[in-house]
Every structure is written in C-alpha cells, then in structure tokens.
Amino acid sequence: MKLTLRVWRQSDPQDKGKMVEYKLDDISPDASFLEMLDVLNEKLIADGSEPVAFDHDCREGICGMCSLVINGTPHGPERNTTTCQLHMRKFKDGEVIDVEPWRAKAFPVVKDLVVDRSAFDRIIQSGGYITAPTGTAPEAHSTPVPKPDADAAFEAAECIGCGACVAACPNGSAALFLGAKITHLGLMPQGQPERWDRAVSMLDTHDDEGFGGCTNTGECTVACPKGIGLDVIGRLNGDYLKASAGGKKK
Amino acid sequence: MSDDLYELGDPIADGKVPAGPIEDRWTTRKFEAKQINPANKRKKKIIIIGTGLAGGSAGATLGEAGYHVQQFCFQDSPRRAHSIAAQGGINAAKNYRNDGDSVYRLFYETVKGGDFRSRESNVYRLADISRNIIDQCVAQGVPFAREYGGLLDNRSFGGTQVSRTFYARGQTGQQLLLGAYQALMRQVEAGNVELFPRHEMLDLIMEDGRARGVVVRNLINGEVKNYTADAVVLASGGYGNVYFLSTNAMGSNVTASWRAHRHGALFANPCYTQIHPTCIPVSGDHQSKLTLMSESLRNDGRVWVPKKAKDERRPADIPEDERDYYLERIYPSFGNLVPRDIASRAAKNVCDEGRGVGPGGLGVYLDFSDAIGRLGRDKVEAKYGNLFEMYERITGENPYDTPMRIYPAVHYTMGGLWVDYDLESTVPGLFVIGEANFSDHGANRLGASALMQGLADGYFVLPATINDYIAKNALPPVADTAIAEAQERVNGRIDKLLSIDGDRSVDSFHRELGHIMWEYCGMERTEEGLRKALELIPALREEFWKRVKVTGKGEELNQQLEKAGRVADFLELGELMVIDALHRAESCGGHFRAESQDEEGEAKRDDDAFGYVAAWGWSGEGAKPVLHKETLNFEYVKPTQRSYK
Ligand SMILES: Cc1cc2nc3c(=O)[nH]c(=O)nc-3n(C[C@H](O)[C@H](O)[C@H](O)COP(=O)(O)OP(=O)(O)OC[C@H]3O[C@@H](n4cnc5c(N)ncnc54)[C@H](O)[C@@H]3O)c2cc1C
Ligand code: FES
C-alpha cells in the first residue's frame, strides 16, 4: 500500500508543534497501525531524522497504552478497536491519514504523540478501590455474587484506562472512565461499604484535575475500544446524587 | 564437555528452607523470621522495581504493613504492566468442583509439570497459598466468572485433568492486575507508597556487597536520579523478548535483572523458555510481536492438520477421514489438553512433515466446528467471544466459519535470577519476585501458574520474609561514593550509546538477535546449532557497539535510547542462554535437545546428570561465566518419566 501520513510533531511540552507530512509505500495490509509507524520510524532513522515518539506496549489491545487520534477519531475508524489492533487493511491504498495525540486539557502533550495521563491514576487513588488488607480476606465462597451482577461488573471493569473517552469528548470529560470504575465496584457486594464516599471523592478529583463536565453527547462510548456504554455514567450520576443528598464525604 | 565455555563454581545450598515435613515448612519459616515493630516500619524504606502482579501486590502489601515504599515502572501507569495481558486464568487448589483436587495434587502436578527441575519446598508453598490468593482477589472486587448460584466458576487448563482454574473471561490478568493496582493506589493515597511511573531502573547501588538502591532514568526528561533504601525488590518480569518476536509486551526486557546479575546475582536456568502452542502465526516481516490465543481454547477447539502433505484445499473441503487430529491420536488420555511443550513440539513436527497450513506452512488448525455443533454458537461466543474477535481483527478471517490457525511462539521464561526460599538473590538485600525469579516452575510452567506465583510472591511470601532481612541487618545511610559510582556507570553507558552514531537501527539488531535465538535456541536445540549461535551472538554484539544508531539526546524523552539499552543487555543474556542450553545435554520441559530423545521421539530427561538448577555467575565482560549447581532433592514426588499418553 502507498500512504501519505500527516503526523503531529512536537519536540516537548513547550514547543508549539505542527503537522508534518511523510510518504510511505510498500506497507503490508496485514500490518497493524503501529507496525506501519515502526516502518516509518525505521525509514526516518535511516534518513538521519528523529523517529516519531508514540506510546504503546502490549500491542494486544489490553494495556491501554496506545493512544492516537487517527483521522480525527481516537483509535481510528474501526469500532471497539484500539490503535494497536487496527490493521492497515481497513485503509485504502493511496489514502492520506492524519495522526495526532489525544487532545485534552487534563492530558498535556509530552512529545509528538505521547501525552501525560497520570490524572487517571490520581482519580483511582482518590477512591477507585475496595479496602481489603492482605491476609485477612474471608473465604471466597462466603459471599455469593449473582451472575448477572458479576457479568455486568466485569463488563465495566474491562475499561483499559486509555483515555479515548476524554479525547473524544468535546468537554474533555472523563465521566465514562469514572463511571466504569464506579459501576464495577458498585455492583459487587464487596464494594458497598465505600460506595457513596467513592463516588464523591472520585468525582471531586476528576474536576480538580481539569476534566470537563459531562453533557451526555455520547462521543465517549463511540470512541471506547471496549464498548463501555453510557449506562455507567448514569450510575455514576445516580450514586453521586444519592451520596451528596446523604451528606457523604463533604 | 563444554568447560571451554564456562568454569565450575561452588555448589549452592537450597537456602533457608526449614527442615521438617513439607506441610509445615512455610509456617516454621514465617515464625522464625524476625519481626519489625510497627512504629519502626515507617522508617524502613523498600524500593520495588515493577508494578505487574508481583510488584503491584508486593507494593500494596508492604505499604499496608507500614513500610515506606518507592515503586517504579517504565510505563505511564502501573496498570499497564505486562501482567495485564494474561488471558487464561489462575490456578488454586480450592476443590470447589469436588473433583479430587487438593493442595497436594496441585503441588504434585506442578512439580511433575516442571519436569522435576523445580524445588519441592517452594512449589508446595505456592500450592498452599494459592487458596488465599483467590480469597484476597475476591475481597478486592475482582469480577471472576460466576455460576448462576453466585459461586465462583472454574475451568480446566492445559496439562491438568481437574477444574481448578479461576478466570474472568479471557482477561484474567487484567482483572487481577487491576485489583492489585487499585490496592496499590490506595497505598499511594495513604502516603505509604511513592510512585514513579515512566522511570527505568538502569543500575543497582551497591555498598559492602549489599543492594542499597537504584539508579533510574526519568523517561520524560532523561534525568538520571538515584534512590537508596534498606532493601531492593525486582519485580521486573520475564525476558522472552530476547527472541524479538514473542507474546510479551513490547517493553518487557531483562535490564533490571541483568544489571543485578553483573553485581553478583546468579542467573538460574536462563535457557528455560516456555513456548506456547496457541499463538497466531506470523504473517510478514513487518511483524513486531506475536499474539497469544488463550490456552482455554483447547478445552473446546480440536487441533488438526491434513493427513496429506502440501494439501492446499480449504479446511471445509477436507473430509473427516483425511484429517489428522494428531494430539488426540498420539496422546489419547490428555488429547488437546496435553501440556504446552508437548503440544508445541507436536505442532512443529507436523509442520516439519510438510503438513502445516496457512502462509509458509507454519500453522495448524484449531477447529471449533464440533463445539459449535454441540453447544451452539451462542455458548461458544459467550465463552470465547472476545478471543474470536481478536483473531478476526488480526487475521481478517472469521473463526466461527473457518478454523483458526495457530503456531507455537515464545511466551514465558522460567529462568531468572536465583533466589532462596525467602526470595532473596545472591546479592544480600536484593529480592526478586514474579517472572523475574527462577523459582517455582522448573523446566515447563503449566498454564495458569505464573499469575498464581506472581501474586503468591507479592501478597504473601515476600512480605513475610523481607522483614527478617531488614530486622537483622544494621543498614546505615549509603555513602556518597557508592551512589556516585553507580550514577557514573549509568551516565557512561548512556553517553556511549549516544556517541556511536552508526548506521543501523536498534530494531535491526534486535530482530537479528531474535532470529538467531529462535533458530538455534528455540523449541528444538542441537549441539551444532547452539555452537553456531555462540559464533553469531558475540559478533553481533560487537557490531552493535560499533554501528548502532541512537537518535536524539539523553535529556529528553528518547525511545530509541530506551530500546538501545535493553537490546544491549539482551545481547549479553542471549549468549548466556545459549551456553546454558549447550551445557544441559538433556531434554526437559520446553527445552528439547534433539540428541536426547527416546525411541518414540519424546523428550528424554537425564536426572542423574542434570537433576540440578544451573545458576550462573558473572565474571566480567569477555570472561567465562561460572556455573554453580543447586542439587534438587525429591522427597515427595519421585521423578518419573512424564507421560501424557
Ligand atoms: C499474552 C500472555 C498471556 C498470559 N496468560 C497467562 C495466564 O493465563 N495465566 C498465567 O498464569 N500466566 C499467564 N501469562 C504469564 C504471566 O502473565 C506473566 O508471567 C506475569 O504476569 C508476570 O508478572 P510480573 O509481575 O512478574 O511481571 P510484569 O507484569 O511483566 O511486570 C513487570 C514490571 O516491571 C517493570 N519494569 C521492568 N523493567 C524495568 C526497569 N528496568 N525499570 C523499571 N521498571 C521496570 C514494568 O514496567 C512492569 O511494571 C501470560 C503471559 C502473556 C504474555
Ligand atoms: S498497545 Fe496495549 S492497548 Fe494498544
């Protein structure tokens, strides 16, 4: 395949950054999008230029590290797919492809296509867990979990924390990420004692980190590579409202 | 034979295992370990490298216990550690199925599955602790698969006949890691754990022969910094990426372990690599990694190839009686569920006979049509849907309509830094947990046991032994000279890599090394091939240090520099792996030596000559490594020839 890539290049957070055009030929349609970028980088190195920096690790769609906006869409055109699992056969020969980093106030660009997503860790730190010290856990079978709850919790827990939801949202909101965790833990009996405090502290941290408010545009679920649905945001809002009404935390 | 390649050193004892019946040893050891009072724990500092299942669970537990923990990983978040990718499941001897499982059975099968090359005492402890792991993870809210009655579901996994594998669809590693990550984040919030993502450990700070800290590079701005502590824990994962193509995440590397090795930590059984039978075959030269299809697929998928060589027909056009369900034929009692080494080699054999399918003839079918007929498409979809989707995305073929194609790939490394029963390496104060150590899996890890080991080490074992070391040793502040020396080593190496300015990319070296390793030190090894590798690797290493091109500067985010450092270490490790493989003139587990097979072509172990752990010492660049042997004693599970027929 022949391709024209327009890639966002930015040497450091202070640099203004710009789109730079590269031409590639001889790309295998079986290559993944990141393998295509590997080929570009090998070429740049051979020409004595700086390769493009981008984040990636598992290349199996599960670590959440890869993060590219491809032709304006986080993780590219294929639904329910991470960038590393997007294959070139989904593009046309001769196509012009734009490649940019996640764009969001809470995710500053570090270099080229790499952004800082540590705000997500801080949201989890503020309550995205169940307090269960090691070595004191009760026998696993002592608390049955209805299968529908366990399955629904699992589906929410599938969130890979990539941040595509934030990049897709016109307000830069992380409500889907937050809702996924609130839903996962809130559906398990083990998650009940901290349920209300969790909703309040996680949402407070979310706002403090510079993520925007959710206005239910739904772009987040379209971009989510794991198909997490808007219902998790409903749950987040519900828990938050009930918790605030009950005077939790604050 | 190979003493031209290595020196023989002193034998090593199986350190710190208490005497007495195997069931009591761990309790005894825990009781004898010295405790530290809670008020003092806060003043004790522990550095942990890695945030996978091993490191994450250790950090959460040690933080909870009150230590001051500093924890590092090279990804942007601890949640992205390679453990996240584990698909199949985690074993535990809960006997929830009432199918005769027990701690003793899990212990027995793990020793046997390791081909009698692991330590009985460690394996017993692992089997015993496995039950607590499930309790712990459930308490943290890990959404394991459940039955309609609300109780935990189980399935069976390669190499076992009981259902003892707990799972969360095809994403068990993800869910277990998120559990550990969340527990770790809680400790970060509580101020007990300080977190350093995007930091890479590049050397150890050594003083008086002890590990006293680390030198790390901040991967965002390139700053080289040092951190000191009372003890250092490596939880840095496995080194399968020495093969370039493997199922490991792209960043997985050996640097932390290798740097420690160069300071005296013995490297045990480096050649023990597990090859996984169910991976998606290679499609072209652009390929950067291989993708695993969970082993659980073998519960319902049937493996076959055409009976005739070079049969080009579409699978659907090949009638039943012209198909060879070779695993069911050769191993009737285990069938498609034989252990990984056996399944892998059987696939290689049929492909070598010219009966392989797909591009280049390097593939076999994994066929679900029977299962779809028997259970219905919906049931199959519920069980394996996400795996089928992943397969389709990568290959462009729909596995509901046509059988999957699979081929073996490098997956896991059973070798690693040598540790005693306390998980301490031969460098005092340096503890090694998870895939980075060598301890529990012998020559062939069975499925679903690596997750179990990572969590056993991190949640339960290390937290009960590291206190003994810290309590017993006076650990004064580290001298500036020791810190400066370590920092100097790191800066020198970075400068060197940046100054070569050659004409070959880092990746091109990595690919070439991987090719040599797979060709000569892969699934099947011969003396001749291994000797050939010993000519190729040093030459490649020399070329690397002359011709590698590392673009950019040290003081910035520089992914080429990161890779270059890792590949440089792989180039040294690769040679040691080959020497280890060469000296072990027997077949065992995933290590098949062509010269050592029985009349039926099955692996022939040689317990009399090789019933030991090979622990290698570093003796300087260009100098021969030193082989220390730890003799393995089997008091409970008597070595027998493994047979799955
Ligand atoms: C695709 C796949 C599927 C698998 N499925 C299963 C399964 O079903 N069941 C099972 O039991 N096992 C499975 N395994 C094996 C299992 O996942 C691993 O053995 C295990 O997760 C390793 O955990 P770990 O904590 O030791 O290391 P890892 O999870 O690899 O973590 C390594 C950590 O160390 C850090 N690190 C490494 N080097 C440095 C450095 N120099 N400086 C700073 N940080 C560093 C990394 O950032 C990371 O945080 C699978 C493996 C793969 C590849
Ligand atoms: S690289 Fe891990 S999800 Fe894409």
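The exercises below work through the fold, cysteines, loops and one enclosed helix of a predicted model.

Local features are given only at pLDDT of at least 70 and side-chain atom pairs only at pLDDT 80 or more, while totals for chains, interfaces and linings use all residues. Residues are numbered from 1 along each chain as its sequence is written, chains are lettered from A and ligands numbered from 1 in the order in which they are written, and side-chain values use heavy atoms, with hydrogens and water left out.

**Exercise 1. Describe the overall build of chain B, and decide what its radius of gyration says about the globule rule.**

Step 1: Chain B has 17 helices and 24 strands, where helices (H or I, at least four residues) and strands (E, at least two) are DSSP runs numbered from the N terminus.

Step 2: The radius of gyration is taken over C-alpha atoms, and the globule rule is 2.2 Å times the number of residues to the power 0.38. For 645 residues a compact globule would have a value near 26 Å, and the 24 Å of chain B agrees with this. The C-alpha trace of chain B spans about 75 × 60 × 50 Å along its principal axes.

Step 3: Of the 645 residues of chain B, 68% count as buried, a class that means under 20% relative accessible area, with exposed over 50% and partly exposed in between (1.4 Å probe, protein chains only).

Step 4: Taking contact to mean heavy atoms within 4.5 Å, 74% of the contacts in chain B between residues at least 6 apart in sequence join residues at least 24 apart.

**Exercise 2. Determine how many disulfides the model contains, and examine the surroundings of A:Cys165 and B:Cys271.**

Step 1: With a disulfide defined as a pair of cysteine sulfur atoms within 2.5 Å, the count over all chains is zero.

Step 2: A:Cys165 is in no disulfide, the nearest cysteine sulfur being that of A:Cys162, 6.4 Å away. A:Cys165 is buried, at a relative accessible area of 8%.

Step 3: For B:Cys271 the closest cysteine sulfur, in B:Cys521, lies 6.1 Å away, too far for a bond, and B:Cys271 counts as buried with 0% relative accessibility.

**Exercise 3. Locate B:Asp208 and B:Asp501, and compare their backbone angle and exposure.**

Step 1: B:Asp208 has a phi near 50 degrees, a positive value in a residue other than glycine, and B:Asp501 likewise has a positive phi near 50 degrees.

Step 2: B:Asp208 is found in the loop between β7 (199-207) and β8 (210-218) of chain B, whereas B:Asp501 is in the loop between α13 (480-500) and β19 (504-505) of chain B.

Step 3: B:Asp208 is exposed, with a relative accessible area of 73%, while B:Asp501, at 49%, counts as partly exposed.

**Exercise 4. Establish why helix α2 (residues 118-125) of chain A is described as largely enclosed, and what covers its buried residues.**

Step 1: Seven of the eight residues of this helix are buried, so the helix is largely enclosed by the rest of the structure; among them are A:Phe120, A:Ile123 and A:Ile124.

Step 2: The cover includes α4 (164-168), α5 (175-187) and α6 (195-208) of chain A, together with α6 (172-189) and β6 (193-196) of chain B.

Step 3: After α2(A) comes A:Gly127, whose phi is positive, near 160 degrees.
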